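Trainee: I would like to go through this model and ask what each label rests on. Where do we start?

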Amino acid sequence: MQHHILNCVDTNYLTRTLKTHLLHLLSFLVPDFTSAKHFFSQFDSEQNQLLKYFVSLKFPKILFPLQSLGLPITDEQIQEMEANLDNIDFQMAAEEEKKLRHDVMAHVHTFAHCCPKAAAIIHLGATSCYVGDNTDLIVLRDGFNLLLPKLARVISRLADFAEKYADLPTLGFTHYQPAQLTTVGKRCCLWIQDLCMDLQNLERARDDLRFRGVKGTTGTQASFLQLFEGDHSKVEELDRLVTAKAGFKRAYMVTGQTYSRKVDIEVLSVLASLGASIHKICTDIRLLANLKEIEEPFEKDQIGSSAMPYKRNPMRSERCCSLARHLMTLVLDPLQTASVQWFERTLDDSANRRVCLAEAFLTADIILSTLQNISEGLVVYPKVIERRIRQELPFMATENIIMAMVKAGGNRQDCHEKIRVLSQQAAAVVKQEGGDNDFIARVRADPYFSPIHKQLESLLDPSSFTGRAPQQVAKFLKEEVRPALIPYQSKMGGKIELAL
């Protein structure tokens with residue numbers, strides 16, 4: 001079932017109300033909807049967060065200046081339609097759709113019943129895609145406008161975290177094997193960089209959207225050319241005015257019956273890419289939770305396992321990963337839909353789009369909310385991080401030890417061999433006996449290394465192994481991250497509390 005929106009092509013303006021908006025979303029979310037009462041009752045459930053998402057979307061007032069361009073439409077007709085915008089008989093619309101099997105015409109008939117004086121000119125010159133596609137484009141644009149501040153808040157929270165821990169050394173991993181040290185803040189910047197790319201991608205996808213505008217049944221504008229008795233300039237002016245009043249700078253110059261379904265590919269591609277970023281971030285957090293170095297928020301009375309009371313499962317991050325996988329797969333739908341559209345349009349796009357477009361935005365919304373909640377409560381355990389460094393750093397320090405010995409007059413090759421033997425002995429203690437890494441103790445006990453014994457503490461200072469990580473964090477946050485968040489400064493407040 002769909003609503004009256006854009007059917008009233010001859011009104012001075014249309015104010016999109018919540019109910020009319022939700023009726024369009026209905027066609028997205030519940031294609032077989034038959035009971036408006038049942039649909040709205042879903043909003044009483046705390047469980048139904050996805051449906052609640054779209055409640056906050058607001059549509060602009062849209063002028064349809066057919067009257068001003070000379071068509072015989074009376075002020076009385078316009079006023080009648082304006083007065084009945086909120087007067088929607090959902091039951092009648094459901095019955096009409098059941099009879100007509102056409103969502104838009106069901107609402108045309110329902111609206112005409114409310115507006116008998118305007119009935120003759122409702123939907124004049126329009127098509128279902130004039131209603132549906134133009135509305136979809138507004139929904140997509142406004143959907144991006146809802147997601148972008150949420151993404152900016154996540155970036156902001158992580159930026160604060162990265163700044164706080166910019167200097168805290170931690171063990172780096174490549175192939176999930178111990179590698180050179182980095183810092184907790186620098187690792188977080190890797191996450192932020194991906195999210196900043198997503199921020200740019202979402203902004204670009206939103207700004208690239210154009211309006212379908214006034215194009216007619218197959219994109220030729222023939223019906224409007226007939227209405228204006230062959231006056232091409234009036235058709236172009238109508239297209240321009242409708243586009244501008246919908247809040248778009250441009251309309252697609254050519255369309256079939258629909259706007260190109262490649263637009264949907266672009267939209268879902270950037271959301272899928274966002275899903276990939278969030279999946280990677282939350283996977284890292286899950287792995288760090290296993291190492292007991294960093295954990296997501298865990299409430300005082302929270303239960304990690306029904307069988308194992310000691311467990312602290314990273315369920316928020318796991319949920320993000322689970323939903324992110326779903327988000328990433330949704331881009332396959334518009335890829336296939338665009339590829340099988342015949343000529344000017346086939347209707348096998350409709351039911352698929354009603355699901356995948358809405359689900360993509362809804363899924364992106366909830367995983368951003370969840371990630372914000374995680375980023376606002378990340379817990380770091382410096383002592384655990386320090387202990388792991390102590391286990392691995394001795395081997396990483398071997399090159400520094402060799403350099404120090406050479407400076408003290410030693411032979412590089414002799415020193416290399418000494419260290420090779422001692423490090424293998426220490427490795428055997430760790431791997432075969434389950435003991436601690438005693439490599440440094442062996443170096444201290446070997447007279448060969450006596451020239452540098454007093455230097456060992458400084459040679460093993462973790463901060464000397466992190467390179468420019470702290471400086472990189474500071475520069476990155478100052479020059480790239482903070483400037484990218486400036487457009488969203490007014491929307492940075494508020495913490496996310498989840499009922500998971």
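Mentor: This is a predicted model, and Cys129 is a place to begin; that residue lies in helix α7.

Trainee: Why is Cys129 called buried?

Mentor: Buried means under 20% relative accessible area. Cys129 has 4% relative accessibility, so Cys129 counts as buried.

Trainee: What does Cys129 touch, not counting residues up to four places away in sequence?

Mentor: Cys129 touches Asn134, Arg212, Gln257, Thr258 and Arg345. Cys129 and Val104 are 25 residues apart in sequence, and their C-alpha atoms are 9.3 Å apart in space.

Trainee: Which helix gives the most to the largest nonpolar core?

Mentor: Helix α7 (residues 128–164), with 16 residues. That core has 121 residues, and Ile192, Leu195 and Leu271 touch the most other members. Leaving aside neighbours within four places in sequence, the contacts of Ile192 are Ile155, Leu158, Ala159, Ala162, Phe476, Leu477 and Val481.

Trainee: How do you know that the length of helix α12 agrees with its number of residues?

Mentor: Helix α12 (residues 315–329) has 15 residues, and at 1.5 Å a residue the expected span is 21 Å. The end C-alpha atoms are 21 Å apart, so the two values agree.

Trainee: What puts the buried residues of α12 on the same side?

Mentor: They are Arg316, Ser317, Cys320, Cys321, Ala324 and Leu327. Around the axis they cover an arc of only 135 degrees, which puts them on the same side of α12. An α-helix has 3.6 residues a turn, so residues three or four places apart point the same way. The cover over the buried residues of α12 includes α11 (262–291) and α14 (350–375).

Trainee: Which residues of helix α4 are buried, and what makes them line one face?

Mentor: In α4 (residues 75–83) the buried residues are Gln77, Ile78, Glu80 and Met81. Seen down the axis, they fall within an arc of 160 degrees, so they line one face of the helix. These buried residues pack against α6 (103–114). Gln79 and Ala83 are exposed on the other side of α4.

Trainee: Thr170 is in strand β1 (residues 169–174). Why is Thr170 called buried?

Mentor: The cut-off is under 20%, and Thr170 has a relative accessible area of 0%, so Thr170 is buried. Not counting residues up to four places away in sequence, Thr170 touches Leu181, Thr182, Thr183, Val184, Arg187, Glu293, Ile385 and Ile389.

Trainee: What makes the pair Thr170 and Glu293 a polar contact?

Mentor: A polar contact needs a pair of N or O atoms within 3.5 Å. The side chains of Thr170 and Glu293 are joined at 3.4 Å, as a polar contact.

Trainee: Which of His123 and Phe343 is buried, and which is exposed?

Mentor: His123, in the loop between α6 and α7, has 13% relative accessibility and therefore counts as buried. Phe343, in the loop between α13 (332–339) and α14, has 80%; exposed means over 50%, so Phe343 counts as exposed. Phi is near 70 degrees for His123, a positive value in a residue other than glycine. Phi of Phe343 is near 50 degrees, also positive in a residue other than glycine.

Trainee: How many helices and strands does the chain have?

Mentor: The chain has 20 helices and four strands. Of its 500 residues, 52% are buried.

Definitions and conventions:
Residues are numbered from 1 along each chain as its sequence is written. Side-chain values use heavy atoms; hydrogens and water are left out. Helices (H or I, at least four residues) and strands (E, at least two) are DSSP runs, numbered from the N terminus. The expected span of a helix is 1.5 Å times one less than its number of residues. Buried means under 20% relative accessible area, exposed over 50%, partly exposed in between (1.4 Å probe, protein chains only). The arc is that of the directions from the helix axis to the C-beta atoms. Contact means heavy atoms within 4.5 Å. A polar contact is a pair of N or O atoms within 3.5 Å; within protein, one must be able to donate a hydrogen and the other to accept it, and residues adjacent in sequence count only if both atoms are side-chain atoms. A nonpolar core is a set of buried Ala, Val, Leu, Ile, Met, Phe, Trp, Tyr and Cys residues joined through side-chain atoms within 4.5 Å.
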